[in-house]
Amino acid sequence: METISENRCFGGTQGVYRHASDATGTDMTFGLFLPAEATEGRVPVLWYLSGLTCTHANAMEKAGAQTWAAEQGIALVFPDTSPRGAAVPDDAAYDLGQGAGFYLNATQDPWARHFQMWSYITEELPQALFKRFALDEARQAITGHSMGGHGALTIAMSFPGRFASVSAFAPICNPMESEWGRKQFTAYLGDNTALWEAHDASVLMRERGFAGPILIDTGTADQFGHLLGTEALASAIATRRQHAAIRFQPGYDHSYFFVSTFMEDHVSFHAEALYGVAE
């Protein structure tokens, strides 16, 4: 694993690292914030999955999460959103290809060789992190924005017991019924919609739910609100009587100004769940 940079940050360290990934067949870059407590022992970890067009750097630099994570003694992981490189297939559209991995394992050409983001995020990267850094595998939580919110919700519901809590900022909640989903699922997974269901938070909520608390924030002025499917997830949550809070924030849009405004709430929400887990 190559260290690209390490900077002092709120008493801890904000690092950027690169490693060879077997899952994607490429080098992958991620950001990791370690609070000061990591020098004394393993600390809880909050995963942050970013949205369309983003890299590891967007949330790391814009979300302001380190401020609140340092206060709570929590590590932050900022993975990339897709494999990258000259040999990796791409698309002219911003919502397919590099920067738009959708946190799934592609089965269709030309994507299948490299676009194995589900395996990378849920298996390979955690193994590398827990081996190298002072992170507590027993205390994990997950959050994300937009496409990353979709990833956070679907991953949390697919790995019972792994995450103490899950939250999301303007997540894509019902991709099977959205332009942000049907296009990508067809390209990555093919026409068999039965394979899509494992990557739709509203379907998973109806079928599985989540054992811990859920927090979702979406802006009422979100310019992509019609693509998110928030109402479908809210209906599934109500039907299942899932422990969750969905908040519609007046006047906020889809930007990192929105994300950073409510980041303190989300980190505090996860801290309460993480510190409720026995060390």
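**Exercise 1. Helix H8**

Task: In this predicted model, determine which exposed residues are carried by the face of H8 turned away from its buried side, and which residues of helix H8 are buried.

Solution.
Step 1. The face of H8 turned away from its buried side carries Glu231, Ala238 and Thr239, which are exposed.
Step 2. Helix H8 spans residues 230–240, and its buried residues are Thr230, Leu233, Ala236 and Ile237.
Step 3. These buried residues lie on the same side of H8, because they cover an arc of only 130° around the axis.
Step 4. The general background is that an α-helix has 3.6 residues a turn, so residues three or four places apart point the same way.
Step 5. The cover over the buried residues of H8 includes helices H4 (147–158), H6 (201–207) and H7 (225–228), together with strands E8 (214–219) and E9 (244–249).
Step 6. After H8 comes Arg241, which has a positive phi, near 60°.

**Exercise 2. The surroundings of His199**

Task: Establish where His199 is placed, whether His199 counts as buried or exposed, and which residues His199 touches.

Solution.
Step 1. His199 belongs to the loop between helix H5 (179–189) and H6.
Step 2. The relative accessibility of His199 is 8%; the cut-off for buried is under 20%. His199 therefore counts as buried.
Step 3. Leaving aside residues up to four places away in sequence, His199 touches Tyr103, Leu104, Trp118, His150, Thr154, Pro175, Phe185 and Leu189.

**Exercise 3. Cysteines and disulfides**

Task: State how many disulfides the count comes to, and explain why Cys9 and Cys173 have no bond to the closest cysteine sulfur.

Solution.
Step 1. The criterion is a pair of cysteine sulfur atoms within 2.5 Å.
Step 2. For Cys9, the closest cysteine sulfur is that of Cys54, at 19 Å, which is too far for a bond.
Step 3. For Cys173, the closest cysteine sulfur is again in Cys54, at 17 Å, and this too is too far for a bond.
Step 4. The count comes to zero disulfides.
Step 5. As to the burial of these two residues, Cys9 is buried with a relative accessible area of 14%, and Cys173 counts as buried at 0% relative accessibility.

**Exercise 4. Aromatic pairs**

Task: Give how many aromatic pairs a search of the whole structure finds, and describe the pair of Tyr48 and Phe78.

Solution.
Step 1. The search of the whole structure yields 14 aromatic pairs.
Step 2. One of them joins Tyr48 and Phe78, with 6.1 Å centre to centre and 50° between the planes. An angle that is neither under 30 degrees nor over 60 counts as tilted, so the Tyr48 and Phe78 pair is tilted.
Step 3. This pair links distant parts of the chain: Tyr48 belongs to strand E4 (residues 43–49) and Phe78 to strand E5 (residues 75–79), 30 residues apart.
Step 4. Tyr48 is buried at a relative accessible area of 2%, and Phe78 is buried at 1%.
Step 5. Elsewhere, ring pairs link Phe169, Tyr252, Phe258 and Phe262 into a cluster.
Step 6. A ring may also face a charged side chain: Arg162 lies over the face of Phe159, 4.3 Å from the ring centre.

**Exercise 5. Salt bridges**

Task: State how many salt bridges the count comes to, and describe the pairs Glu2 and Arg18, Arg84 and Asp80, and Asp136 and Arg139.

Solution.
Step 1. The count comes to six salt bridges.
Step 2. Glu2 and Arg18 form a salt bridge through their side chains, at 2.9 Å from N to O. This pair links distant parts of the chain, with Glu2 in strand E1 (residues 2–9) and Arg18 in strand E2 (residues 12–21), 16 residues apart. Glu2 counts as partly exposed at 41% relative accessibility, and Arg18 is partly exposed at 28%.
Step 3. The side chains of Arg84 and Asp80 form a salt bridge at 2.7 Å, N to O. Arg84 is partly exposed, with a relative accessible area of 27%, whereas Asp80 counts as buried at 5%.
Step 4. Asp136 and Arg139 also meet in a salt bridge, at 2.7 Å from N to O. Asp136 counts as buried at 13% relative accessibility, and Arg139 counts as buried at 2%.
Step 5. Finally, a network of salt bridges links Asp217, Arg247 and Asp265.

Notes. Residues are numbered from 1 along each chain as its sequence is written. This is a predicted model: local features need pLDDT of at least 70, side-chain atom pairs count only at pLDDT 80 or more; totals for chains, interfaces and linings use all residues. Side-chain values use heavy atoms; hydrogens and water are left out. Buried means under 20% relative accessible area, exposed over 50%, partly exposed in between (1.4 Å probe, protein chains only). Rings of Phe, Tyr and Trp (its six-membered ring) pair if their centres lie within 6.5 Å; planes under 30 degrees apart count as stacked, over 60 as edge-to-face and the rest as tilted. Helices (H or I, at least four residues) and strands (E, at least two) are DSSP runs, numbered from the N terminus. A charge sits over a ring if NZ of Lys or CZ of Arg is within 6 Å of the ring centre and within 35 degrees of the ring normal. A salt bridge is a side-chain nitrogen of Lys or Arg within 4 Å of a carboxyl oxygen of Asp or Glu. The arc is that of the directions from the helix axis to the C-beta atoms. Contact means heavy atoms within 4.5 Å.
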